[in-house]
Amino acid sequence: MMAGEDRTPAGRLVRRFGNAAEMAKLYAPTIEWSLPPSLPFPVPMKGIDAVTAFNRSVWSDVYFEDCAVEILDEAGCANASAVRFIYRARFRATGKPYENEYTLFARHDERGITEVFESLDLTRLAQQAPG
């Protein structure tokens with residue numbers, strides 16, 4: 001599947017970044033979200049309450065909601081999908097821009113997205129993060 005064709009659950013999720021309420025509509029009740037273990041979050045975050053709280057905190061504490069994603073690659077099948085994208089946002093603490101490449105892999109079924117594995121360039125994050 002090429003970017004721009006029928007959108008996958010992973011792609012739909014990424015395209016909703018900045019809007020935690022809309023993201024939550026895609027989740028199964030038992031969703032689990034994993035970030036790189038060096039970040040200060042449980043691996044995985046378990047359950048819709050924990051994941052939606054995390055999503056809300058990202059766009060109320062770290063970044064402004066007016067972020068943007070540029071999809072580079074998107075692929076998927078009946079129960080899994082993945083997207084590679086550029087994430088652009090502004091830090092709430094400074095108003096300065098942030099840009100990084102991410103990869104998000106999702107597992108899904110008839111209930112919605114059941115697992116998310118998110119990866120990013122942590123060095124680039126550290127270089128841009130407010131001091």
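Analyst: Two strands pair if DSSP finds at least two bridges between them. Helices (H or I, at least four residues) and strands (E, at least two) are DSSP runs, numbered from the N terminus. This is a predicted model, in which local features need pLDDT of at least 70, side-chain atom pairs count only at pLDDT 80 or more, and totals for chains, interfaces and linings use all residues. Residues are numbered from 1 along each chain as its sequence is written, and side-chain values use heavy atoms, with hydrogens and water left out.

User: How many helices and strands does the protein chain have, and in what order do they run?

Analyst: The protein chain has four helices and six strands. From the N terminus on, the order is α-α-β-β-α-β-β-β-β-α.

User: What makes the protein chain as compact as a globular protein of that length?

Analyst: The radius of gyration is taken over C-alpha atoms, and the globule rule is 2.2 Å times the number of residues to the power 0.38. For 131 residues the rule gives 14 Å, and the protein chain has a radius of gyration of 14 Å, close to that value, so it is as compact as a globular protein of that length. The C-alpha trace spans about 40 × 30 × 25 Å along its principal axes.

User: Which strands does S1 pair with?

Analyst: S1 (residues 27-34) runs parallel to S6, and four bridges join the two. S1 also runs antiparallel to S2 (residues 45-46), with two bridges. Two bridges meet the minimum of at least two, so S1 and S2 count as a pair. Glu-32 has Glu-115 as its bridge partner in S6 and stands opposite Lys-46 in S2. In the loop between S1 and S2 lies Pro-44, which a cis peptide bond with omega of about -10° joins to Val-43.

User: How do you know that S5 pairs with S4 and with S6?

Analyst: S4 (residues 80-90) and S5 share eleven bridges in the antiparallel sense, and S5 shares eight with S6 (residues 112-120), also antiparallel. In the first pairing, Ala-80 has Arg-107 of S5 as its partner; in the second, His-108 stands opposite Ile-113. Both pairings are hairpins: six residues lie between S4 and S5, with Gly-95 in the turn at a positive phi of about 80°, and two residues lie between S5 and S6.

User: Why is Tyr-98 called buried?

Analyst: Buried means under 20% relative accessible area, exposed over 50%, and partly exposed in between (1.4 Å probe, protein chains only). Tyr-98 has 2% relative accessibility, so it counts as buried. Contact means heavy atoms within 4.5 Å. Leaving out residues up to four places away in sequence, Tyr-98 touches several residues, among them Tyr-63, Tyr-87, Phe-91, Leu-120 and Leu-125. Tyr-98 is also 9.8 Å from Gln-127, C-alpha to C-alpha, although 29 residues separate them in sequence.

User: Which side chains of S5 are on the face with Tyr-98?

Analyst: In a regular strand the side chains alternate between the two faces of the sheet. Along S5 (residues 97-109), Tyr-98, Asn-100, Tyr-102, Leu-104, Ala-106 and His-108 point to one face and are buried. Residues including Glu-99, Thr-103 and Arg-107 point to the other face and are not buried.

User: What share of the protein chain is buried, and what share of its contacts joins residues 24 or more positions apart?

Analyst: Buried residues make up 40% of the 131 residues. Of the contacts with a separation of 6 or more, 51% are between residues 24 or more positions apart.
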